[in-house]
Amino acid sequence: MHSNAQVLVVDSDPLNRVVLENTLSEDCLVALQDNCEDAISFIASHKVDLIITDITLVDAQGVPFIQRLKDHTDTYKIPVIIVSSSNSYSDEVKGLQMGAVDYITKPFSPLIVRARVRIHLVLKQKSDLLEELASIDGLTELPNRRLFDKHLAQQWQACHSQGKTLGIVLVDIDYFKAYNDVYGYGAGDECLIKVARSLKETVDAQQGFIARFDGVRFAVVLAGCSIEQVEALSHLMHDAIDKLLLPHKSSPICAHVSISTGMVLVEKEFSFGVAKCLQYADNALMQAHVNQERMVLLMR
Ligand SMILES: Nc1nc2c(ncn2[C@@H]2O[C@H](COP(=O)(O)OP(=O)(O)OP(=O)(O)O)[C@@H](O)[C@H]2O)c(=O)[nH]1
């Protein structure tokens, strides 16, 4: 367990807060809040690994704090341990049914609280790691298609509601089958890793998001950008790959590994939906590949 794991204690009783802080501060970072609303604001701006609270805590509308955490997509994964003065069986059942991972009654033994917090922090770290591994492409270490789809859906929603544009760029490595045939699949893998790294550096510098889309294709999301910015990003990616000078003697168009890019900029027309937009980007990519030029489609 990392000692910089962050535990948030939310309790209206100052004595309880101090006792829990003293109990846990040797093992992890402890933040204290005395009410639901401040706790929610704290969680919105800090990474919180575990929450300790009382089952009786409610928000301004009377909704139980735990319920509120479990109902919200940003907070439902944070494990909650209830520390309560109620030793009633029904409260314990209610707390666990609301989604708490543990229920500890007061007066508690500090050693037991520490041990249980440690167990849940270790479990949380393992589940975070699993989630991270499930979102990363094993070869290139870029976000995988699963994470790309999730990210694109979020950005689509956000750009639509905030009146922002959304750029999508699909990138394909040209004649990669021929590359594998000549240099071997292992060399193909190494080439893919180098291309991915270079594209990532370029896209990161423009605050974009890049993922491995499928096979030897990558996809970029650029929120709130102009058509000039999408085109500029495409130029930068082409230049970055050209500069790698990775020999590709079986390519009919270039002595080195090259890429094609197809772009879509959604200005206002979000009603098409994500799938259609990706299909347009794919069409633009195919045309770019055939005509050896950079294609941008505008969805106005
Ligand atoms: N080495 C390696 N090759 C891969 C990997 N994933 C896909 N490929 C290969 O990449 C090639 C991609 O081929 P295509 O996209 O169909 O076609 P292409 O040869 O690139 O031709 P164009 O698309 O016309 O440029 C296929 O032969 C795949 O087997 C990978 O992870 N490693």
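Select β7 (209-214) and β8 (217-223). The two strands pair in the antiparallel sense over five bridges. Strands here are DSSP runs of E of at least two residues, helices are runs of H or I of at least four, and both are numbered from the N terminus. Two strands count as paired if DSSP finds at least two bridges between them. Strands of a sheet pair through backbone hydrogen bonds, either parallel or antiparallel.

Before going on, note that this is a predicted model: local features need pLDDT of at least 70, side-chain atom pairs count only at pLDDT 80 or more, and totals for chains, interfaces and linings use all residues. Residues are numbered from 1 along each chain as its sequence is written.

**Stop 1: around β8**

Pick Phe209 and look across to β8: its bridge partner there is Val221. Now go to the hairpin of β7 and β8, which has two residues between the strands. Gly215 in this hairpin takes a positive phi near 40 degrees.

Add β6 (166-173) to the selection. Seven bridges join β6 to β8, and the two run antiparallel. Leu166 has Ala223 as its bridge partner in β8.

Is β8 mostly covered or mostly open? It is mostly covered, with five of its seven residues buried. A residue is buried if 20 or more other C-beta atoms lie within 10 Å of its own, exposed if 12 or fewer, and partly exposed in between; C-beta atoms are placed from the backbone.

**Stop 2: Arg212**

Select Arg212, in strand β7. Why does Arg212 count as buried? It does so because it has 24 C-beta neighbours inside 10 Å. Not counting residues up to four places away in sequence, Arg212 touches Asp137, Thr140, Leu142, Asn144, Arg145, Ala196 and Phe218. Contact here means C-beta atoms, placed from the backbone, within 7 Å. Now add Phe148. The C-alpha atoms of Arg212 and Phe148 are separated by 8.0 Å, while the two residues are 64 apart along the chain.

**Stop 3: the cores**

Move to Phe218. With the same exclusion of residues up to four places away in sequence, Phe218 touches Val171, Ala196, Leu199, Ile210, Ala211, Arg212 and Phe213.

Phe218 also belongs to the largest nonpolar core, which has 43 residues. Such a core is a set of buried Ala, Val, Leu, Ile, Met, Phe, Trp, Tyr and Cys residues joined through C-beta atoms within 7 Å. Ile168, Phe218, Val220, Val264 and Ala281 have the most contacts inside it. Colour the contributors: β6, α8 (185-205), β7, β8, α9 (227-244), β9 (259-266) and α10 (274-291) each supply at least two residues of this core. Apart from it lies another core, of 29 residues, among them Ala5, Val10, Cys36 and Ile51.

**Stop 4: the ligand**

Show the ligand and its shell of 15 residues. A residue is near the ligand if its C-beta atom, placed from the backbone, lies within 6 Å of it. Which residues come nearest? They are Asp174, Phe176, Lys177, Gly188 and Gly215. The elements giving two or more residues to the shell are α7 (176-183) and α8.

The shell divides into seven nonpolar, four polar and four charged residues. Ala, Val, Leu, Ile, Met, Phe, Trp, Tyr, Cys and Pro count as nonpolar, Asp, Glu, Lys and Arg as charged, and the others, Gly among them, as polar.

**Stop 5: the parallel sheet**

Find the open sheet of five strands, in the order β2-β1-β3-β4-β5, with parallel pairing. β2 (29-33) and β5 (102-105) stand at the edges with a single partner strand each, so one side of each is left without a neighbour in the sheet.

Centre on β4 (residues 80-84), which pairs with β5 in the parallel sense over four bridges. Ile81 stands opposite Asp102 in β5. On β3 (residues 50-53), three bridges lead to β4, again parallel. Ile52 has Ile81 as its bridge partner in β4. Both faces of β4 are covered: Val80, Ile82 and Ser84 are buried on one side, Ile81 and Val83 on the other.

**Stop 6: backbone details in loops**

Go to Pro107, in the loop between β5 and α5 (110-133). The peptide bond from Lys106 to Pro107 is cis, with omega near -5 degrees.

Next, select Gln207, in the loop between α8 and β7. Gln207 has a positive phi of about 55 degrees although it is not a glycine. It counts as exposed because it has 10 C-beta neighbours inside 10 Å.

Finish at Leu245, in the loop between α9 and β9. Leu245, not a glycine, has a positive phi of about 50 degrees. With 10 C-beta neighbours inside 10 Å, Leu245 counts as exposed.

Terms used:
Contact = placed C-beta atoms within 7 Å.
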